[in-house]
Amino acid sequence: MTRHWLMLVLITQSTLSFAFSAPEPPENTIRFAIIGDLTGGEREGVFNVAAEGIEQLQPDFIMSIGDLIEGGTEDEIQMNQEWAVFQKNLGNQGVPFYPAVGNHDISNSKMREWYEKNVGPRYYHFVYQDALFVVMDSEDFTNDFFSELKVKRDQAIEVYKADPTQFEQTEYANLSQRYYGEISDKQRDYVIKALDENPDVRWTFFFMHKPVWQNAEEQNFKRIETHLMGRNYTVFNGHVHSYQHTQRLGQDYIQLATSGGKIFEDQLINMDHITWVGLSGEKPTYLNIKLDGMRDKQGNIPANGNELCFDDPSCAQ
């Protein structure tokens, strides 16, 4: 009895065959990184950590949701200097980068003219690996409104200097456009045309700065959402400096926090991070990577980040 059992074991072991084959190269796989707000009270050095970490991750490309420079100026020399600093800090080493307009990137008509001349179009789209990428401009105001906005902002700043507690009572502080932005009819039509020209993509990604859909009176982005019925899409935005994920119309709406911008004490989820998105097959995956969780091969935070402050409102103090 024992002898037969041993023979069975030996026979079984002798027929086993182990082999490991090389992995198949992935097809139609997309991997990209998104950076959050890095200005509006930029903390020196924090964005450099994000940029160096992204370089090590080697994405196909880098997206943004706006506020790449401090802005708020009509001085073209300052605009050029701030954009040059951003490009130097990004240091993307040949990885394509796709900017989105934030309220710091275009704060007035002169900045808009400069942006279109020196950076690129304010809204655009492209198709990559059977996915549609739509970058929108939530600062799509008329020149007249920009002029009015400047006057109201200057008045609010004077109120703030005299008594910061009265700032929230100013007309500027209560403008819906300050929180939600605006989409013009022209931009709406452009986006709908891009959707019509690409009806069969496996996924559509939107990138914009302000959450325009949160304005109950806004109609143009809601028209776009109606046009999106029946297709898969994800919307990314920033501006609030706080992370939030919501489901709207059965789709993911993801608000990034900061990649170096000011941290506000009253926000729900404060974190310095990038968002990593993968699409393999039919459905994307998302991973938020905190900057103070990045470590290089020596175990240090990239770009001398060990000495920096992350995630907490005290970082700005």
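This report walks through a sheet, a helix and two unusual loop residues in one protein chain. Keep in mind that the model is predicted.

**The annotated region**

Let's start with the record. The unreviewed UniProt entry carries the annotation "domain: Calcineurin-like phosphoesterase", and that covers residues 30-243. Over residues 30-243, helix makes up 39% of the chain and strand 15%. The C-alpha atoms at the two ends of that stretch lie 23 Å apart.

**The sheet**

Now look for the strands. Five of them make an open sheet, and going across you meet them in the order S3-S2-S1-S10-S11, with mixed pairing. Which strands sit at the edges? They are S3 (97-98) and S11 (284-290), each of which pairs on one side only. A helix packs on this sheet too: H2 (residues 46-57) touches S1, S2, S10 (273-280) and S11. The direction of H2 makes about 25° with that of S10.

Let's zoom in on one pair of strands. S2 (residues 61-64) and S3 run parallel and are joined by two bridges. If you want to find a bridge yourself, take isoleucine 62: its partner in S3 is phenylalanine 97. As background, strands of a sheet pair through backbone hydrogen bonds, either parallel or antiparallel.

**A helix with a buried face**

Next up is helix H5 (residues 143-162). With 20 residues, H5 reaches 29 Å from its first C-alpha to its last, close to the 28 Å expected at 1.5 Å a residue. Which residues of H5 are buried? They are Phe145, Phe146, Leu149, Lys152 and Ala156. Looking down the axis of H5, you'd see these buried residues fall within an arc of 130°, so they line one face of the helix. That set packs against helix H4 (109-118) and helix H6 (176-180). On the other side of H5, Asp144, Lys161 and Ala162 are exposed.

**Two loop residues with positive phi**

Finally, a backbone detail. Most residues other than glycine have a negative phi. Here are two that go the other way:

| Residue | Phi | Loop between | Relative accessibility |
|---|---|---|---|
| Asparagine 28 | near 55° | H1 (2-15) and S1 (29-35) | 42% |
| Leucine 249 | near 55° | S8 (244-248) and S9 (251-255) | 45% |

Are they buried or exposed, or in between? Asparagine 28 counts as partly exposed because its relative accessibility is 42%, a value between the 20% and 50% cut-offs. Leucine 249, at 45%, counts as partly exposed as well.

How values were computed. Residues numbered from 1 in each chain as written. Predicted model: local features only at pLDDT ≥ 70, side-chain atom pairs only at ≥ 80, totals over all residues. Heavy atoms only, no water. UniProt positions renumbered as here; feature names shortened; annotations may be inferred. Helix = DSSP H or I, 4+ residues; strand = E, 2+ residues; numbered from the N terminus. Buried < 20%, exposed > 50% of the residue type's maximum accessible area, 1.4 Å probe, protein only. Pairing = 2+ DSSP bridges. Contact = heavy atoms within 4.5 Å. Axes fitted to C-alpha atoms, helices over the stretch in contact; angles between N-to-C directions. Expected span 1.5 Å × (residues − 1). Arc of directions from axis to C-beta.
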